[in-house]
Amino acid sequence: MNVILRGLGYLSPYRWLAIGAFVSMVLVTATNLAVPQLFQQLIDNGIEGQNWNAIATVTIFLLIIAVVRGVFSFTNTFWSQKASQGIAFDIRNEVYIKLETLSFSYHDSHNVGQLMTRTTSDVEGVQNFFATGLLQLIAAIITFAGSIIILLLTDWRLTLAVLAVIPLIVLIFLWLFGRMGPLYGRVQKNLGILNNILQENIEGVRVVKSFTAEPYEAARYGKQNQVLLGENINVVNTFSTGFPTVFLLSNLATLIVIWFGGNRVISEQLSLGTLVAFNSYLAFLVQPIFQVGFVSQQLARAQASGERIFEVVDAQSDISNPQDARDLSEDTAGNIFFKDVHFHYPNKAEGTLYDLNLEIPAGATVALVGPTGSGKSSLINLIPRYYDITEGSVEIDGHDVRGLELNSLRQQVSVVLQNVRLMSGTVRENISYGKADASKDDVINAAKIAQAHDFIIKLPDGYDSEVGESGGNLSGGQRQRIAIARTLLAHPRILIFDDSMSALDAETEVKLHTALKPYLEEDQHTTIIIAQRVSTLLEADFIVVMDKGRVVAQGKHADLLASSPLYADIVSSQLEGAA
């Protein structure tokens with residue numbers, strides 16, 4: 001219940017809507033409780049007393065109640081739905097913003113489908129409870145309490161006989177609620193797994209088709225769908241087991257009223273109208289219990305969904321701004337120093353970098369080479385503080401990156417990845433993604449340096465052409481050039497290219513390096529390139545050779561060919577072949 005109480009805090013901005021819905025619900029409940037009393041008057045005074053005035057009076061009151069109930073039923077539904085939509089809006093925003101602030105290590109350990117489920121299906125579960133379930137629960141409590149009071153005032157002996165059945169019904173609903181919470185938790189978890197499989201297959205549809213793996217993926221999806229079906233069936237079975245028993249007990253209460261109440265009418269201890277009203281209030285007494293049973297289903301789902309939502313909201317990022325964080329200004333020189341660095345990824349016992357020392361002078365262009373798994377990408381991920389080192393320090397101009405304000409650090413350190421991710425929108429919007437106020441001329445100039453302008457103007461709408469989801473309308477090389485243009489337009493002090501020219505042909509890469517050179521030299525950008533071609537190595541001021549998480553050699557191309565067997569082997573077996 002702590003989750004639900006915490007969820008009530010989201011009602012605060014919509015408290016007047018909630019109050020309006022609550023008052024409307026109370027008025028609807030009050031009119032419902034008044035109806036059996038009117039029918040008692042209709043039978044006892046109007047029909048049995050053959051009093052047309054009494055019949056007319058009751059009819060007018062019933063008409064007034066119908067109008068009042070209609071009006072306030074509408075306001076109750078409208079205001080509660082509006083408030084619940086506001087709650088869902090706020091929760092979705094909070095979860096999304098939190099996901100944006102959480103570190104790479106958090107996203108590494110949580111699959112996309114699960115996170116998407118928490119921002120969609122789980123939020124919907126909480127919203128549904130606050131839209132209808134909460135007010136229904138309050139209405140049920142008011143109706144139950146009001147019915148008991150009226151029944152006791154009408155005939156306390158008959159009421160006590162009926163109330164003997166009620167505790168059994170309540171116990172069954174408590175059992176149902178205790179079972180439903182964990183069941184809904186498993187449903188939401190397996191829905192997240194199913195969504196993750198779906199997301200993987202949609203994004204990787206080309207891989208699936210190229211390996212003719214459609215039957216395998218269909219079987220994998222079907223298997224998980226079967227698991228989800230089983231969990232939903234468990235919910236249905238539990239629900240279906242409890243409610244027939246409740247119906248049986250409620251019918252037993254009705255039989256008690258008919259048997260004892262009928263005898264009291266025959267013995268003239270109770271009027272017929274009173275018996276009819278009593279039986280109506282008995283329905284009002286049982287109905288809230290059923291209502292609570294149905295609400296308990298919503299409550300159980302909201303509880304399970306809320307727990308999953310607040311897991312995200314309460315998650316702590318292992319990368320955050322320190323107290324008294326220092327801004328990395330635009331006029332920073334860009335000198336980078338790795339000092340006695342050890343690093344391993346969170347939740348992994350084995351290290352990735354070991355006792356690494358490396359200095360990259362401001363304004364230098366450095367090429368990183370090494371076998372797969374040598375730690376090149378891990379090294380560059382530490383500069384913008386995507387991950388924190390285990391030991392040692394990474395410094396920019398003598399300042400440990402852990403003491404720098406994150407936004408200012410990442411504004412001055414841009415990484416262009418090999419697997420480019422473009423956002424839905426136009427080419428212009430993607431290039432200006434990091435600098436929304438950039439002029440058209442600035443966008444075009446960045447595209448020209450990145451060798452993207454010529455193909456962009458040939459697109460159907462030029463710079464206003466849609467790139468498609470994740471850039472699906474463009475080739476790999478085109479996406480890489482747009483990503484490079486995006487980075488150049490942001491004008492960072494430190495540029496990092498993580499194998500981000502791998503999809504370019506050799507001629508385009510040479511043109512790109514030629515165009516980049518004056519750009520990099522003009523403001524003395526510090527540049528780090530994970531290289532795949534000899535031409536890149538020849539352009540670098542010096543080359544760093546990595547192996548098994550360590551820097552094993554550094555220097556110029558010709559010197560390394562003579563002094564480093566590993567470098568010579570890399571050049572002969574990989575880079576020259578690529579060239």
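**Figure 1. The whole chain, with its 21 helices and 10 strands.** This is a predicted model. Its radius of gyration comes out at 35 Å, well over the 25 Å that the globule rule gives for 579 residues, so the protein is more spread out than a compact globule. Lay the C-alpha trace along its principal axes and you get spans of about 120 × 55 × 45 Å. Of the 579 residues, 48% count as buried. What share of contacts between residues at least 6 apart in sequence joins residues at least 24 apart? That share is 78%. As for the surface, the protein exposes about 28,700 Å², and carbon and sulfur atoms supply 58% of this area. On the charge side, there are 41 positive and 56 negative charges, and their mean positions sit 6 Å apart.

**Figure 2. A four-stranded open sheet, in the order β2-β1-β4-β5.** The pairing here is antiparallel. Which strands form the edges? They are β2 (353-360) and β5 (399-400), each of which pairs on one side only. To trace the sheet from the β2 edge, begin with strand β1 (residues 336-343), which runs antiparallel to β2 and is joined to it by five bridges. Five bridges also join β1 to β4, again with the strands antiparallel. At the other end, strand β4 (residues 391-396) and β5 run antiparallel with two bridges between them. As a rule of thumb for looking at such views, side chains in a regular strand alternate between the two faces of the sheet.

**Figure 3. F337 and its bridge partners on both sides.** Zoom in on F337 and look towards β2: the bridge partner there is E359. Now look towards β4, where the partner of F337 is E395. E395 has a bridge partner in β5 too, namely D400. Hop from residue to residue and you can follow the bridges from E359 to F337, from F337 to E395, and from E395 to D400. F338 is also bridged to β4, with V394 as its partner.

**Figure 4. Positive phi angles in and around the sheet.** Most residues other than glycine have a negative phi, so a positive value is worth a look. Where does D397 sit? It belongs to the hairpin of β4 and β5, which has two residues between the strands, and its phi is positive, near 50°. D340 is a second case: its phi is near 50°, a positive value in a residue other than glycine. D340 lies in strand β1. Is D340 buried or partly exposed? With a relative accessible area of 37%, D340 is partly exposed, since buried would need under 20%.

**Figure 5. Helix α15 and the helices packed around its buried residues.** Helix α15 covers residues 440-449, and V443, I444, A446, A447 and I449 are buried in it. What do these buried residues pack against? Their neighbours are α14 (427-431), α16 (453-456), α17 (476-490) and α18 (506-522). Just past the helix, look for Q451, which follows α15. Q451 lies in the loop between α15 and α16. Its phi is positive, about 60°, although Q451 is not a glycine.

**Figure 6. Two arginines, R308 in helix α11 and R179 in helix α8.** Start with R308, whose helix α11 takes in residues 272-313. Its relative accessible area is 7%, so R308 is buried, the cut-off being under 20%. Which residues does R308 touch, leaving aside those up to four places away in sequence? They are Q114, T117, R118, D122, Q188 and K189. Now swing over to R179, whose helix α8 takes in residues 166-203. R179 has a relative accessible area of 41% and is partly exposed, because that value falls between the 20% and 50% cut-offs. If you want a landmark for R179, try V112: the two are 67 residues apart along the chain, and their C-alpha atoms are separated by 28 Å.

Methods. Residues numbered from 1 in each chain as written. Predicted model: local features only at pLDDT ≥ 70, side-chain atom pairs only at ≥ 80, totals over all residues. Heavy atoms only, no water. Pairing = 2+ DSSP bridges. Rg over C-alpha atoms; globule rule 2.2 N^0.38 Å. Buried < 20%, exposed > 50% of the residue type's maximum accessible area, 1.4 Å probe, protein only. Contact = heavy atoms within 4.5 Å. Areas by Shrake-Rupley, 256 points an atom, 1.4 Å probe, with all protein chains shown as cover. Lys, Arg positive; Asp, Glu negative; His and termini not counted. Charge placed at Lys NZ, Arg CZ, Asp CG, Glu CD.
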